[in-house]
Amino acid sequence: MRVLVTGAAGFIGSHLADRLAADGHEVMGVDDFSSGGNRPEHAQMHRLDVADPALVAFAEHRRPEVICHLAAQVSVRKSVADPLRDAQVNVLGMVNALEAARVSSARKVVFASSCAVYGVPAELPVPADAALRPASPYAASKACAETYLGMYRTLYGIDHTILTLANVYGPRQSPEGEAGVISIFSDALLTGKPTRLYGDGRNTRDYVYVHDVVDAFSRACGDLGGGRRFDIGTGMQTTDRDLHTLVAEVAGAPDEPAFAPPRPGDLPAMAVDPGPARTGLGWSPRTSLREGLKATVEWARRA
């Protein structure tokens, strides 16, 4: 199968490109390298902005069967500071990726959405059929992209699967995004720098290991999950304070974070329900948080 991966130099995208190539697929990666500097080992990499019309011409020439769309502006805070730029990347980039799928007669688009689309959750873990209540430009751009996917499916018959990701972590991670705290903690604790928790440390997140996430993408590239959204997470909540303790234990460093005032807009809790992904994709998370943190810290130690 010929697969086009947007954002293939990024954290998740580079792992996905490596996984698809290892599975025997022909992988074409595109990235503008503005925030990701990873180089998948067996993907044909091309420098392209996801919102550049040249992406459509590229896809028409190379004719991928599946497009995995991961290129994005991923920072909530940057989206609040510059919502126009956020929309240019995340909304216009989605439309451009869909146009690339249309002109190349691609069978399917697999999209990396975010649990941020749910806003403040009414229940935990959040079910995949929960209403979208975005509370930031970033979340709104992801919700808008989901609407475009449904419209293109109706208008042109292009299949899609939406993977609503919890807080993904693992090797190659940058400090951007919600789960970037693991990268921040790892780097600081390994080098003896101070760490900081915001608020009382009791905010929770659902952390899912990157290799488990790319397994969900790999499964969604096939015939399963057409027209559906799946939550990709563990369903388990970990407090900021407990996370710091776990990273400190793995890094062999003191568990002595400083505390700072809460940051405006931070969600108090988040976790998503992986149950439908289990039945719809045959997917479930396999890596425990401690195992994933060990691999992440060891990578950071070598980096």
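## Cores, selected residues and a helix pair

The largest nonpolar core has 63 residues, of which Cys68, Leu163 and Phe217 touch the most other members. A nonpolar core is a set of buried Ala, Val, Leu, Ile, Met, Phe, Trp, Tyr and Cys residues joined through side-chain atoms within 4.5 Å. Buried means under 20% relative accessible area, with exposed over 50% and partly exposed in between (1.4 Å probe, protein chains only). Apart from this core lies another of 24 residues, among them Ala59, Phe111, Leu149 and Ile162. In soluble globular proteins, nonpolar side chains tend to be buried together.

The model is predicted: local features need pLDDT of at least 70, side-chain atom pairs count only at pLDDT 80 or more, and totals for chains, interfaces and linings use all residues. Residues are numbered from 1 along each chain as its sequence is written, and side-chain values use heavy atoms, with hydrogens and water left out.

Leaving aside neighbours within four places in sequence, phenylalanine 217 is in contact (heavy atoms within 4.5 Å) with Leu16, Cys68, Leu70, Val110, Phe111, Ala112, Leu163 and Leu165.

Three residues are placed below by secondary structure; helices (H or I, at least four residues) and strands (E, at least two) are DSSP runs, numbered from the N terminus.

| Residue | Location | Relative accessibility |
|---|---|---|
| Threonine 6 | strand S1 (residues 2-6) | 1%, buried |
| Serine 75 | loop between strand S4 (66-69) and helix H3 (76-81) | 9%, buried |
| Glycine 292 | helix H11 (residues 289-302) | 0%, buried |

The side chains of threonine 6 and histidine 69 are joined by a polar contact of 2.8 Å. Such a contact is a pair of N or O atoms within 3.5 Å; within protein, one must be able to donate a hydrogen and the other to accept it, and residues adjacent in sequence count only if both atoms are side-chain atoms. A polar atom of the threonine 6 side chain also lies 2.9 Å from the backbone nitrogen of leucine 70. For serine 75, the side chain reaches the backbone nitrogen of lysine 78 at 3.1 Å.

Glycine 292 touches Tyr169, Tyr209 and Thr287, not counting residues up to four places away in sequence.

Helix H9 (residues 240-251) packs with H11 at an angle of about 55°, the axes being 9 Å apart. Axes are lines fitted to C-alpha atoms, for helices over the stretch in contact, and angles run from 0 to 180 degrees between N-to-C directions. In H9, Leu243, Leu246, Val247, Glu249, Val250 and Ala251 meet Leu289, Arg290, Leu293, Lys294, Val297 and Arg301 in H11.
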